[in-house]
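Biologist: Please take a close look at the aromatic rings in this model and at how they pair, and then set that part in the context of the whole chain. I would like one connected account rather than a list.

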Amino acid sequence: MDIRKYEHLVPNVFLFVDRRSFADWEIISSTIDFHDLSFIVEGKADYFIDGEKFTVEAGDMLYVPSGSVREAHTFAEAPMHSFAFNFFWEGEDNSVHLPFETVTKNRMTKEILDDIREFSHNWMGGQPFYRMKARAIFQLIVYRLLNIAHHQETPLLDPRIHKVMAYIMDHYAEEVTIKALAEWIGLNPVYLGKLFKQNTGSTCKEFLNRVRVNNAEMILSAGGFNVSEVAEHCGYHDVAYFSNVFKSMKGYPPSAALK
């Protein structure tokens, strides 16, 4: 799963509930126009999503996307306690669904639970700018969830490749070659090239160009430098080559990014 396609989404939580259910608690069947992301702390409940039954219990995460028909009731002998976030994606993206199952087991990590508690205290406190802080905390929660899902589908990065990537990001403006990287990390250049491709899906050169072009775009959009100066700053000594690489990656020439 490529989590980068979710990076532009901005969540806006309009309702947060520390839901401590009574024995007769229920949600009447209705179509929701928001997304429901709930974390079950204690007890049990039955949810009916688009007619399909799901039983949730402590440790589960429930995700009900916008447009779903939702109905629920708790178990009288084990009333549910959950933290529920109802949110929209800002702009025209509310139809975008997060890549989660309706019910996900064992998703309450310590970090996520700490984030939820901080969100709850912030939401209940209602101090100045609390909604701004709430949005930031919730976005962090969504990031953690996406990152967990991503790493479950993708093998962990080889620590040597992680070091090479960090080196490239620190030295992108310098002359960086696969031979120099291999000597620095203590690997054969051919083996390093294969290992890098295996771990990242791109070659060292492709990654280097991505880092350089992303930095070039930021500098150009900030203003104060022309294309030639930015090319030189980002490790390109041939402006024409820089322009070609930039356009092939971004879909527009570097001059279009100038402020």
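Modeller: A residue is called buried here when its relative accessible area is under 20%, exposed when it is over 50%, and partly exposed in between. This is a predicted model, and side-chain atom pairs count only at pLDDT 80 or more.

By that cut-off F119 is buried, and W123 is buried as well. These two residues form an aromatic pair of the stacked kind, with 5.4 Å from centre to centre and 15° between the planes. Because F119 and W123 stand 4 residues apart in helix α1, about one helical turn separates them.

W123 also takes part in a pair with F16, and both F16 and W123 are buried. Here the ring centres are 6.4 Å apart and the planes meet at 65°; planes over 60 degrees apart count as edge-to-face, so the pair of F16 and W123 is edge-to-face. This pair links distant parts of the chain, since F16 belongs to strand β1 (residues 11-20) and W123 to helix α1 (residues 110-125), with their positions 107 residues apart. W123 thus has a stacked partner in F119 and an edge-to-face partner in F16.

These rings belong to a wider arrangement, for ring pairs link F16, F39, F83, F85, F87, W89, F119, W123, Y130 and F138 into a cluster. In the structure taken together there are 21 aromatic pairs.

The loops at the two ends of helix α1 each hold a residue with an unusual sign of phi to examine. In the loop between β9 (103-104) and α1, N106 has a phi near 50°, which is a positive value in a residue other than glycine. N106 counts as exposed, at 70% relative accessibility. In the loop between α1 and α2, F129 likewise shows a positive phi, of about 70°, although F129 is not a glycine. The relative accessible area of F129 is 66%, so this phenylalanine is exposed, whereas F119 in helix α1 is buried.

Beyond that loop, helix α2 spans residues 130-153 and includes A149. A149 has a relative accessible area of 8% and is therefore buried. Its C-alpha atom is separated by 28 Å from that of R212, a residue 63 places away along the chain.

R212 appears again among the contacts of Y172, a tyrosine in the loop between α3 (159-171) and α4 (178-185). Leaving aside residues up to four places away in sequence, Y172 touches L208, V211, R212, N215, H233, C234 and G235. With L208, one of these contacts, the C-alpha separation is 6.6 Å across 36 residues of sequence. Y172 has a relative accessible area of 14%, so Y172 is buried.

Another tyrosine, Y241, lies in helix α8 (residues 239-250). At 36% relative accessibility Y241 counts as partly exposed, and its contacts, again not counting residues up to four places away in sequence, are K205, N209 and Y236. The C-alpha atoms of Y241 and V230 are 13 Å apart in space, while the two residues are 11 apart in sequence.

To set these parts in the whole, the protein has 8 helices and 9 strands. Its radius of gyration is 24 Å, well over the 18 Å that the globule rule gives for 259 residues, so the protein is more spread out than a compact globule. Along the principal axes, the C-alpha atoms fill a box of roughly 70 × 40 × 35 Å. Of the 259 residues, 40% count as buried, and F16 and W123 are among them.

The link between F16 and W123 can also be read beside the contacts of the chain as a whole: among contacts between residues at least 6 apart in sequence, 72% join residues at least 24 apart. As for the surface, its accessible area comes to about 14400 Å², and 54% of this belongs to carbon and sulfur atoms. The protein carries 26 positive and 34 negative charges, whose mean positions are 5 Å apart.

Conventions. Residues are numbered from 1 along each chain as its sequence is written. Side-chain values use heavy atoms; hydrogens and water are left out. The radius of gyration is taken over C-alpha atoms; the globule rule is 2.2 Å times the number of residues to the power 0.38. Buried means under 20% relative accessible area, exposed over 50%, partly exposed in between (1.4 Å probe, protein chains only). Contact means heavy atoms within 4.5 Å. Accessible areas come from the Shrake-Rupley method with a 1.4 Å probe; for residues, only the protein chains shown count as cover. Lys and Arg count as positive and Asp and Glu as negative; His and the chain ends are not counted. The place of a charge is taken as NZ of Lys, CZ of Arg, CG of Asp or CD of Glu. Rings of Phe, Tyr and Trp (its six-membered ring) pair if their centres lie within 6.5 Å; planes under 30 degrees apart count as stacked, over 60 as edge-to-face and the rest as tilted.
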